[in-house]
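Student: Before we look at the model, could you show me how a sheet and a charged side chain are read from coordinates?
Tutor: Let us take the charged side chain and then the sheet.

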Amino acid sequence: MTPARTRGEPLPVEVLRALRNRIGAIDSVSPLGGLSGRTVAVARGQRGTLVAKGPAAATEVRVATRLAPLFREAGIRVAESAVVRTANAGQWLVLEYLPQALPRDRWGADADVIDVLRALHSLRTEPIARIRRRFRPRWDASLTTAAVTALHGGQDLVDRIVRLSERCQYLFDPLAVVSADPNPLNWRLDAAGSPVLIDWERLTLGHPAIDLGILLPGLGEPREAERVANRYGSRDVTATDILRAKAWSLVELAASAPAGGEASAMIRSLRDDIIDRLATVSLIRSD
């Protein structure tokens, strides 16, 4: 069998070998979509189905090898995984396949999803602080410049985003363990119907609102932010915090989207709406 190619590259031979050891002869390998830029593919074999992802970020390897038991003790379901080391393609993950996506009617203020995030935010910060190469959320001048360029904005947009960024700096204080990418597409349901976050690449420290803002579907409606804040149930996390975090995530997505990719196309199609949303959030002072 010739494995299907994802982003122009076949799976490394070591990964194929690991897959065969677990699910037998492979019937098919199909690429999965996503915005991470990494190869993600589902392999179907005689004894089951698994997902291969790589090259894996150091943080995801840490979750697979050291942090998963800590998460499970806190009631946070983590997909079963194994690390595969290759000669020339870095480390890869072979992951449990969870085929059922989070239904659209559960996007946003879903009680079970928010329970998972609340448990994550309650974990001790020390194990995450020790990950030296972890993602570190920020909103500095370079991020603003890159976002304005991607949005084809002028000086008015620069000024608006700079003012908004100044009001958002508290979001990046290392207050709690955060996923930093719990967008609705990064959740699956297990056999019991419980939500499972499947992407831990950006696990880091920050304000809990970072996760809740990214969790908001679309561009983040104020009414939905209120619902999420109420469901989360903490006086330390307000709807304003969540809307600001959502604005940061939109700016970061615009700034980092590779030209010609899915994210870049989405930014182009939503340009005017994104600019309007940033303008609206920039006018919010405080709750």
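Tutor: Buried means under 20% relative accessible area, exposed over 50%, and partly exposed in between (1.4 Å probe, protein chains only). A salt bridge is a side-chain nitrogen of Lys or Arg within 4 Å of a carboxyl oxygen of Asp or Glu, and for charge Lys and Arg count as positive, Asp and Glu as negative, with His and the chain ends not counted. This is a predicted model, in which local features need pLDDT of at least 70 and side-chain atom pairs count only at pLDDT 80 or more, whereas totals for chains, interfaces and linings use all residues. Residues are numbered from 1 along each chain as its sequence is written, and side-chain values use heavy atoms, leaving out hydrogens and water.

Student: Which side chain of opposite charge is nearest to Asp-181?
Tutor: That is Arg-202, 4.7 Å away, and Asp-181, although buried, has no salt bridge.

Student: How are the strands of a sheet held together, and in what order do they lie here?
Tutor: Strands of a sheet pair through backbone hydrogen bonds, either parallel or antiparallel. Here five strands (DSSP runs of E, at least two residues, numbered from the N terminus) form an open sheet in the order S1-S2-S3-S5-S4, with antiparallel pairing, where pairing requires at least two DSSP bridges between two strands. The edge strands, S1 (26-31) and S4 (81-85), each pair on one side only. S3 (residues 48-54) and S5 (residues 91-96) are joined by four bridges, and Ala-52 stands opposite Val-94 in S5.
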